[in-house]
Amino acid sequence: MKKKTISGFSKLSKRGKIRWIVENFFKDPEAVARELKSYWLNNEEQQKILDGFSENTISNFHLPFGVAPNFVINGKAYAVPMVIEESSVVAAASSAAKFWMKRGGFHAKVLDSKKMGQLHFSWNGNVQKLQAVFEELKEKLHADTTHITANMVKRGGGILDIDLIDFTNQEENYYQLRVSFETCDSMGANFINSILEEFGRSLQAFMATHPIFDEAEREVDIIMAILSNYTPECVVRAWVECPIEDLGVFDGKMDAATFAKKYAKAIRIAQIDPYRATTHNKGIFNGIDAVILATGNDFRAIEAGGHTYAARDGQYRSLSSCKVENGIFKFWLDIPLAVGTVGGLTKLHPIAKRSLELLGNPSAHELMMVIAATGLAQNFAAVKSLVTTGIQKGHMKMHLKNILVHLEASEQEEEAATAYFENEVISFTAVRNYLNSLREKKFKGRKVLVEPQE
Ligand code: MEV
C-alpha cells in the first residue's frame with residue numbers, strides 16, 4: 001500500500017528520504033533511486049554546501065551554465081555567465097553583444113540604489129500627535145538600531161529615510177513606516193528585516209511612554225516587518241545607440257532605415273498593449289534571470305520588482321524604449337535591480353562565486369549594469385528576429401537539435417538533417433521520417449527504425 005503522506009520526513013537521512021519517495025511515488029523505485037543518487041556531487045564537502053541552502057534535499061537539479069562573450073559595457077569587455085534552460089537565449093545574447101560591440105558597445109549607469117522596507121502597524125490614535133513627534137521618533141529608531149547599522153554605515157550605507165504613511169482611509173487604523181536604505185554591495189534582505197523588526201519594538205516603546213499620547217493611544221499592534229521587493233529607486237539604465245545607417249542590412253534584404261522604423265514600432269506596441277508587453281518583458285527577463293541565477297541572486301525578487309515597475313503608471317508596459325531621431329537609433333532599458341555581490345549565496349555557491357570572478361568581482365552597481373545590458377541584449381535579439389526573419393527560424397534550429405538528440409541521431413545524420421531542414425518545416429514527425437529514410441537507405445531491408453512517439 002503506497003503512502004502519500006508522512007510525518008517526520010525532514011528527520012530522515014538523505015537516503016531515507018529517497019527511499020520513502022521512490023517507494024511511494026514511482027513505479028521503478030530502484031532505478032529512480034539510482035538515478036537521483038547519480039546526480040549527487042562526488043565531492044561530499046561541496047554537496048554539503050548545496051544541501052545547506054535548502055531543506056529536504058534528495059538530489060541536485062542541474063541547469064546549463066553558459067557564457068555570452070563580447071559584452072562591451074562602458075568600454076569594458078565582459079564574458080557574461082548565464083544559467084538558463086531555454087535554448088537560443090545564450091546564443092541570442094552573444095550575437096547581440098557582438099552586434100553592438102562593433103557599434104560602440106553598451107552604455108549603462110545606475111540611476112539610484114535605494115532599497116525599501118516597511119513596518120506595518122495598527123494604531124488607534126490621533127495621527128496629528130504622531131506627526132508632531134515624528135522627528136523625535138525617527139531619532140529613537142536610528143539610535144535603537146545603531147548596533148545593526150554601524151558596519152553598514154562604515155561602508156557608506158545605512159538607513160536613508162523613514163516616512164509615516166497613513167492608510168486609514170483604506171484600512172481602519174492601518175499605518176506603515178516606509179523606510180529606505182543603502183545596502184552597498186549586499187542585497188540587504190537580512191540587514192533590512194533586522195532593522196525593521198527592531199523598529200517595531202522601538203515604536204511600541206516610544207508610544208507606550210511618550211507624554212503626548214493618552215492612555216488609549218499607547219498600544220501599537222505590529223502587523224509585520226519586511227523589506228519590499230518593489231524598489232523603484234534602485235534602478236539601472238542600459239542603452240545602445242548608433243547612426244541609423246550603421247545598423248546595416250538585416251537578413252540580406254531589410255535596409256537599416258526600414259529596420260529602425262519597424263523596430264521602434266514593435267517597442268511602441270509593447271508599451272501600449274499589455275499582452276505584447278508581457279511577452280516582450282519575458283524576453284528581457286530571459287537575459288536578466290540567467291545572470292541573476294548565475295551570480296547567486298534572487299530571481300523571484302528581481303522578477304516581482306521588475307513587473308511592478310513595468311506597471312508603475314497603472315498599466316503594464318514594456319521595460320524598454322526606442323527612439324529613432326535625428327538619424328540616431330537609440331534603444332534603452334530602465335529596470336530596478338536590487339542585487340548583491342556579497343552575502344547570500346553569492347560567495348557560498350561555488351559556481352556563483354566563479355561567475356562573479358568571471359565578471360571581475362564587480363560591485364553591486366557594476367553587476368546591475370552588466371545584468372541590465374544582458375537584458376537589453378536579449379530584448380534586442382528577440383525583437384530583431386521578430387521584425388526580420390521571425391523567431392521560429394532560430395528557435396527551430398535548436399528544436400531540431402533537441403529532436404535529433406532525442407532520436408539518437410549520429411553525427412553524420414545530424415549533419416545531413418541540419419542541411420535538409422534548412423528550408424523545410426521542422427516537426428518531430430518530419431525529422432523522424434527523414435531519419436528513417438536515411439537509415440532505410442543505409443540498411444536496406446530494415447523498415448521503421450525510429451518508432452513514432454507522439
Ligand atoms: C521567448 O522566450 C522570448 C520571446 O517571446 C520574447 C519576445 O517575444 O520579445 C521571443
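Which helix gives the most to the lining of the second largest pocket? Keep that question in mind while you move through this predicted model, because the answer comes at the stop where the pocket itself is selected.

**Domains**

Begin by colouring the chain according to its domain assignment, which gives domain 1 (1-62), domain 2 (67-111 + 235-389), domain 3 (115-228) and domain 4 (394-443). If you then place a marker at the C-alpha centre of domain 1 and another at that of domain 3, the two markers will lie 43 Å apart.

**The second largest pocket**

Select next Ala-92, Ala-381, Ala-382, Ser-385 and Ile-391, which lie nearest the centre of the second largest pocket, out of the 34 residues that line it. The space in this pocket comes to about 800 Å³. At least two lining residues are supplied by each of α4 (89-101), α10, α13 (364-387) and α14, and it is α13 that gives the most, with 8 residues. With the domain colours still on, you can see that domain 2 (67-111 + 235-389) and domain 4 (394-443) each provide at least three residues of the lining. By class, the lining of this pocket divides into 12 nonpolar, 15 polar and 7 charged residues.

Stay here and centre the view on Ala-92, which sits in helix α4. Is Ala-92 buried or exposed? Its relative accessibility is 19%, and since buried means under 20%, Ala-92 counts as buried. Apart from neighbours within four places in sequence, Ala-92 is in contact with Gln-378 and Ala-381. For a sense of scale, draw a distance from the C-alpha atom of Ala-92 to that of Thr-5: the two residues are 87 apart along the chain, and the atoms are separated by 44 Å.

**The largest pocket**

Now select Leu-50, Phe-53, Leu-293, Leu-345 and His-349, which lie nearest the centre of the largest pocket, a space lined by 40 residues. About 1,300 Å³ lies within it. Show the helices α3 (44-53), α8 (189-209), α10 (274-294), α11 (299-310) and α12 (350-358), each of which supplies at least two residues of this lining. Colouring the lining by residue class will give 18 nonpolar, 17 polar and 5 charged residues.

**The cavity**

The count of cavities of 30 Å³ or more comes to 1, and the elements giving two or more residues to the lining of the largest cavity are β4 (115-123), β7 (220-228) and α11. To find the cavity, select Met-187, Ser-228, Asn-229, Thr-231 and Ala-338, which lie nearest its centre among 14 lining residues. Its volume is about 110 Å³. Helix α11 gives the most to this lining, with 4 residues, while domain 2 (67-111 + 235-389) and domain 3 (115-228) each contribute at least three. The classes of the lining are 8 nonpolar, 5 polar and 1 charged.

**Gln-315 and Tyr-78**

From α11, follow the chain into the loop that leads to β9 (320-325), where you will find Gln-315. This residue is partly exposed, with a relative accessible area of 25%. Beyond residues up to four places away in sequence, Gln-315 touches Gln-271, Ile-272, Asp-273, Pro-274 and Ala-310. Ala-277 is 38 residues from Gln-315 in sequence, and the C-alpha atoms of the pair are 10.0 Å apart.

Turn next to strand β2 (residues 76-83) and pick out Tyr-78, which is buried, with a relative accessible area of 7%. Setting aside neighbours within four places in sequence, its contacts include Ala-68, Pro-69, Asn-70 and Phe-71, as well as Leu-359, Glu-366 and Val-370. Leu-358 is 280 residues from Tyr-78 in sequence, yet their C-alpha atoms are 8.0 Å apart.

**Helix α16**

Finish with helix α16 (residues 428-442), and draw a distance between its end C-alpha atoms, which are 21 Å apart. At 1.5 Å a residue, the 15 residues of this helix should span 21 Å, so the model agrees with the expected length. Show the side chains of Phe-428, Val-431, Arg-432, Tyr-434, Leu-435, Asn-436, Leu-438 and Arg-439, which are buried. What covers the buried residues of α16 includes α14 (392-406) and α15 (411-420), and displaying those two helices completes the tour.

Terms used:
Residues are numbered from 1 along each chain as its sequence is written. This is a predicted model: local features need pLDDT of at least 70, side-chain atom pairs count only at pLDDT 80 or more; totals for chains, interfaces and linings use all residues. Side-chain values use heavy atoms; hydrogens and water are left out. The expected span of a helix is 1.5 Å times one less than its number of residues. Buried means under 20% relative accessible area, exposed over 50%, partly exposed in between (1.4 Å probe, protein chains only). Contact means heavy atoms within 4.5 Å. On a 1 Å grid over the protein atoms alone, a cavity is a set of points where a 1.4 Å probe fits but cannot get out, and a pocket is an open set with protein on both sides within 12 Å along at least five of seven lines; lining residues have an atom within 4 Å of a point. Grid points are joined across faces, edges and corners, and a volume is the space filled by probe spheres set on the points. Ala, Val, Leu, Ile, Met, Phe, Trp, Tyr, Cys and Pro count as nonpolar, Asp, Glu, Lys and Arg as charged, and the others, Gly among them, as polar. Domain bounds come from an automatic or database domain assignment.
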